[in-house]
Every structure is written in structure tokens, then in C-alpha cells.
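Open your viewer, set the cartoon style, and keep the selection box handy. We will hop from stop to stop, and at each one you will hear what to select and what is there.

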Amino acid sequence: MNILVTGGAGNIGSALVDRLVSDSGYRVFVLDNLLTGSLSKLPQQKDNFTFVKGDANIDSTVSELMHSMHFDCVFHYAAVVGVQRTLENPVMVLNDINGFRNILDLSRATGVKRVFFSSSSEVYGEPVEFPQNEHTTPLNSRLPYAIVKNVGEAFCRSYHKEYGLNYTILRFFNTYGPRQSEDFVISRFIQQAIEGKDITIYGDGKQTRTFCYIDDNIETTLSCLRNDLLINDVMNVGSADEITILDLARLVIRILNSSSKIKFLPPLKEGDMTRRKPDNSKMLSILNRPLISLEEGIKRTLQFRKS
């Protein structure tokens, strides 16, 4: 099976690629412009792996690759990510619309059997109901990043309806792990705690999030691929265990036995939603085991950093 992973040099994409290339039945290609991804996260000297530097938003770049390889499956994970980056570069975020239009057009033209699209918990916007359900909770965010993800979901459904192209939409809720950059809260807190610096929190820290360790994300996704699950459907991928950002900082300090103090910064003007809690019943039924706890996930992340 030939598989394309766009954005495959990022946190989630590279972890997925590692698992895919461990199976000789897959021939894996990564397309990444390395804006936020890194070559250091990719497999080295694997016969069934190829890296192509390119931008999924530019038609000619991805067109040549997809027409030459005739992929069976595409994971479209390429996107501008990070709250600050997406707020500071709203037009760059909107350009990602070109990317999934390209991917979907080329997928239907070259016989791709299924496209996996990485959406986000951000599509839910400010809290309306809890837990946030894939089919009943309104999608009400006004931020460009969330709007683009919502548009991407609509494209997937429309291409299936009109052209029969199969899709799977994965709404990621704060997936963390050892490859995550310091643009994101757990990685930032860990680095600050290791260095003994103040752990910085925007606002009062009472906003809640849930955090999903990378292994739970990848195992769920691979089960969907290998067992033909969740075809033409959408799934929240994340833990349902809420924690305040303040308590997260305290947890990181305790696990690392750090001397860091907590410092409160002015609240972000936008983009810092007050609460997140997914209905993850679909994910749990597919994974068929409890999720890795936040404390255990942080400890595993630290072990990888030391190795």
C-alpha cells in the first residue's frame, strides 16, 4: 500500500510515519515544507520511506508526486499550527484551504481510496455543550484556524457526496509527546521546569483542557486504517479528563521536582477557549483500552527526552 502523509515531519505526522514504516507492507511518502516540521523527526535509512520537500498548498508540487505514485491512502496533516502563529498569520492559515482542495482533487483523479483529514477541537469554539459530541455539538468558532478546519471537513463530505471519495475526519484534542515543539503548552511547561524558569500561564489558569498522549492518537488512527473503520465519519481523538492549566503547571513542577514558580501573564486577546471536553466514546471503542494518564504521558515524554 502506497501512503502519502502531508505534514509528516510534524509532531503527530512523524509519529504516524514511524509506525507505518515499521510495517513492510506500507510504502510511505512524506510531503512537508518544514515550516514547523523537522527532518530530525523522520525515519532514517528506511527502504520503504521517501521524503519530498514541498508545500501541499502549491498544486504543481503535490500534483507530480500524486500522479507518479498513485497512492492508496492520504493522511492530510499539513497545516499552519500553534495558537500564536495562527493568530499572527491569519492569511497564511486561510491559504491552507488551497491545500485540502489540491489533495482532494488529486485524490479523486488518481484513485486514492481514502483521505484522512486532521481537524481540530478548535472547530467547537467556545463551550456550548459537554461533552463535545462529533454530531450534535455546534461548531461555532470564529478564528481563522478553526474556520479553515471546518471548511476542510465540509470539503471532505462534499467530495464524498459528489465524487464518492472516502474520508475520515479526526478532530485532535491537544495531542502531546516527545516530538512536540515548545509552541504548545505541555512542551513549554516541561522546558521551563527543566530550566528552573517561571512557568508562564496566560490569564488566571482556570481554563481547562484535555491532553492525549501521542501513542493513543496513533494507535487509534492505525486501527481505523487497518480495519476499515470510521469510513466517511468524524471522530474526536483525545482524552475526556479535564485539567486546569494551573493544575497542569503544578503537575509538571511536581513530576520534575522543579524549583520553577508560576507566573501569570495577561490573557490572550482571542483563541484561549475557557473549556474543552470531548465525547471520546468512538475513540475508546476503537482503542479498546483505557487511555494513558496525563501523569504517565508526561513521564514517558521525559524518558524520551533523556534517551
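## Stop 1: helix α9 and what follows

Select Asn 257, just after α9, where phi is positive at about 50°. Helices (H or I, at least four residues) and strands (E, at least two) are DSSP runs numbered from the N terminus. Before we go on, please note that this is a predicted model, in which local features need pLDDT of at least 70 and side-chain atom pairs count only at pLDDT 80 or more, while totals for chains, interfaces and linings use all residues. Residues are numbered from 1 along each chain as its sequence is written, and side-chain values use heavy atoms, with hydrogens and water left out.

Now select α9 itself, residues 245-256. Does its length fit, and what should its 12 residues span? The expected span of a helix is 1.5 Å times one less than its number of residues. That gives 16 Å for α9, and its end C-alpha atoms are 17 Å apart, which agrees.

Colour these residues of α9 next: Ile 245, Leu 246, Leu 248, Ala 249, Leu 251, Val 252, Ile 253 and Ile 255 are its buried ones. Buried means under 20% relative accessible area, exposed means over 50%, and partly exposed lies in between (1.4 Å probe, protein chains only). An α-helix has 3.6 residues a turn, so residues three or four places apart point the same way.

## Stop 2: Tyr 167 and its surroundings

Select Tyr 167, in strand β6 (residues 166-172). Is Tyr 167 buried or exposed? It counts as buried because its relative accessibility is 7%.

Show its contacts too, where contact means heavy atoms within 4.5 Å. Leaving aside neighbours within four places in sequence, Tyr 167 is in contact with residues including Arg 114, Val 115, Cys 156, Leu 230 and Ile 231. Try the distance tool on Ile 231: its C-alpha lies 6.0 Å from that of Tyr 167, although the two are 64 residues apart in sequence.

One of those contacts, Leu 230, deserves a click. Leu 230 sits in the loop between α8 (214-226) and β11 (233-237). It has a positive phi of about 60° although it is not a glycine. With a relative accessible area of 13%, Leu 230 is buried.

## Stop 3: the cysteines

How many disulfides are there? A disulfide is a pair of cysteine sulfur atoms within 2.5 Å, and by this rule the count is zero. For Cys 73, the nearest cysteine sulfur belongs to Cys 224 and is 11 Å away. Cys 73 counts as buried, at 2% relative accessibility. For Cys 156, the nearest cysteine sulfur is that of Cys 73, 12 Å away. Cys 156 is buried as well, with a relative accessible area of 3%.

## Stop 4: two loops

Select Phe 130 and Pro 131, which are joined by a cis peptide bond with omega at about -5°. Pro 131 is in the loop between β5 (114-120) and α6.

Then move to His 70, in the loop between α2 (59-69) and β4 (73-76). His 70 is not a glycine, yet its phi is positive, about 50°. At 47% relative accessibility, His 70 counts as partly exposed.

## Stop 5: helix α5

Two residues of α5 are worth selecting: Asn 102 and Arg 108. Asn 102 is buried, with a relative accessible area of 11%, whereas Arg 108 counts as partly exposed at 41%. Not counting residues up to four places away in sequence, Asn 102 touches Ala 56, Asn 57, Ile 58, Asp 59 and Val 62. With the same exclusion, Arg 108 touches Tyr 159, Tyr 163 and Leu 165.

## Stop 6: the largest cavity

Rolling a probe the size of a water molecule over the atoms shows where empty space is left. Here a cavity is a set of points, on a 1 Å grid over the protein atoms alone, where a 1.4 Å probe fits but cannot get out; lining residues have an atom within 4 Å of a point. A volume is the space filled by probe spheres set on the points, with grid points joined across faces, edges and corners.

A search of the whole structure finds three cavities of 30 Å³ or more, and the largest has a volume of about 60 Å³. Select its lining: His 76, Ala 78, Ala 79, Asp 96, Phe 100, Phe 117, Tyr 145, Val 148 and Lys 149. The elements giving two or more residues to this lining are α5 (96-110) and α6 (144-163).

Key. On a 1 Å grid over the protein atoms alone, a cavity is a set of points where a 1.4 Å probe fits but cannot get out, and a pocket is an open set with protein on both sides within 12 Å along at least five of seven lines; lining residues have an atom within 4 Å of a point.
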